[in-house]
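Here are my notes on this model, as numbered points. Please read them with the coordinates open.

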Amino acid sequence: MADTGHIPHALLLEGPAGVGKFALARAFAQYIHCTDRTPDGDSCGRCPSCLQHQSFNNIDTFYTFPVVKRGTAGLSTDWLPEFRQFLTDSPFMDSDRWPSLLGNVNAQPLIYVEEASALVSRLNVAARQSAYKIVLLWQPERLGEATANKLLKLIEEPYSDTLFIMTSDNPEAILPTIYSRTQRISVRAYSPAEIVDILSSQFAIDRESATIAADLADGNVNAALRMVSVDKDKSRYLDLFMSLMRLAWTRKVKELRDWSNDVAAQGREDSIRFYDYCARMIRENFILNLGHADLNMLTDEELTFSRRFSPYINIYNVEDIFRLLTEARNDVARNTNGKIVAFDLAIKMILLIKRGVEAPK
Ligand SMILES: [Zn+2]
């Protein structure tokens, strides 16, 4: 597109989470602006424009992303240092981590209408040092109706020197008025082998841990990174997991309520990791129950508990427990009250464990 000069005015990179769509959008913007592109189709990385891109200081590039209000205004420019930090710490844009950088783990960031107004006035000025001004818009699904209407005019009747490059993991949530006016490119999930390469080369994770994480990550680098970081919190998560199962088995409802408060008190990001950990433990226990200890990936501590626990994870409950954990994880990711989610899960676990215990022998 860039080489032929036929770049659509509104481009959407869509696809699963954790596959580097925003990094690709940034690389594309850098390529468009590069004054010394290489013959094999990359930006040079050395020209003034490339250097500005790498330090987030390109004068013709605007970052727009969901924020919370600072005072009365919700503007991306007010949160640029935090966003740069986010891009540096989490190059694959783990959106579960963004609210904590906004100072509130339970925030529901949005692209506010004043952001659209600010963008309109900035885009009114002609491109300063290159052929194009580029708006890199992360999460267009977080444009409210009023914001979208303001931007729509720009997208429908764009200035000839303006490009919108948007990225979304959740394109079905984008308002149809915006979605229908974008040219879409699908970005696919990574293969497990690609994830292993990324984790070991970019995040200095040993290949053994990377292989285990990649196997369970479903093509999502962020999910793989979460699994690896679970390692650090493993014994705390194991304690919580064992308490849940013991209390559910003995039907200690009051204690399960205290347990739910403990889980929720960890905060959103940590709760998500914990539910991922529980799902992994259920999977491992099912494998153990099937008599395939050779396929297990458990620490000694986990194995000690699992030897006694695994008989109760069987074909009569394994699928429903998985579903329950996935729902809890997704509810927490969507900002549902963490205590309610955990307590609901704990109560349902009483019935599901019972179902496993009463399974025909
Ligand atoms: Zn360059």
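1. The largest nonpolar core has 53 residues. Phe-164, Ile-165, Ile-195, Leu-199, Ala-214 and Ala-224 touch the most other members. Keep in mind that this is a predicted model.

2. Take Phe-164. Which residues does Phe-164 contact, leaving aside neighbours within four places in sequence? They are His-9, Ala-10, Leu-11, Val-135, Leu-137 and Ile-155.

3. A separate core lies apart from the one around Phe-164 and counts 33 residues. Met-245, Tyr-275, Met-281 and Leu-324 are among them.

4. Now the sheet. Five strands form an open sheet in the order E2-E3-E4-E1-E5, and the pairing is parallel. Why do E2 and E5 each have one side without a neighbour in the sheet? Strand E2 (61-64) and strand E5 (183-186) stand at the edges with a single partner strand each, so one side of each stays free of a sheet neighbour. On average, neighbouring strands are turned by 20° against each other, direction ignored.

5. Strand E3 (residues 133-138) pairs with strand E4 (residues 162-168) in the parallel sense, over six bridges. Within this pair, Leu-137 has Met-166 of E4 as its bridge partner. Helix H5 (residues 113-123) packs on the sheet and touches E2, E3 and E4. The direction of H5 makes about 175° with that of E2.

6. On the other side of E3, the pairing with E2 is also parallel, over four bridges. Here Thr-64 stands opposite Leu-137 in E3. Leu-137 thus recurs: Met-166 in E4 is its bridge partner, and Leu-137 is also among the contacts of Phe-164.

7. Side chains in a regular strand alternate between the two faces of the sheet. How do the residues of E2 point? Thr-61 and Tyr-63 go one way, Phe-62 and Thr-64 the other. Are they buried or exposed? All are buried.

8. Last, a helix pair. The angle between the axes and the distance between them describe two packed helices. Helix H15 (residues 318-333) and helix H16 (residues 338-357) pack at about 175°, with axes 10 Å apart. H15 and H16 are therefore roughly antiparallel to each other; the cut-off for that label is an angle over 145 degrees.

9. Who meets whom? H15 brings Asp-320, Ile-321, Leu-324, Ala-328, Asp-331 and Val-332. H16 brings Gly-338, Val-341, Leu-345, Lys-348 and Leu-352. By type, the residues of this contact are seven nonpolar, one polar and three charged. Leu-324 of H15 is also one of the residues in the core of 33.

Note on methods:
Residues are numbered from 1 along each chain as its sequence is written. This is a predicted model: local features need pLDDT of at least 70, side-chain atom pairs count only at pLDDT 80 or more; totals for chains, interfaces and linings use all residues. Two strands pair if DSSP finds at least two bridges between them. Helices (H or I, at least four residues) and strands (E, at least two) are DSSP runs, numbered from the N terminus. Axes are lines fitted to C-alpha atoms, for helices over the stretch in contact, and angles run from 0 to 180 degrees between N-to-C directions. Two residues are in contact if their C-beta atoms, placed from the backbone, lie within 7 Å. A nonpolar core is a set of buried Ala, Val, Leu, Ile, Met, Phe, Trp, Tyr and Cys residues joined through C-beta atoms within 7 Å. A residue is buried if 20 or more other C-beta atoms lie within 10 Å of its own, exposed if 12 or fewer, and partly exposed in between; C-beta atoms are placed from the backbone. Angles under 35 degrees count as roughly parallel, over 145 as roughly antiparallel, 65 to 115 as roughly perpendicular and the rest as oblique. Ala, Val, Leu, Ile, Met, Phe, Trp, Tyr, Cys and Pro count as nonpolar, Asp, Glu, Lys and Arg as charged, and the others, Gly among them, as polar.
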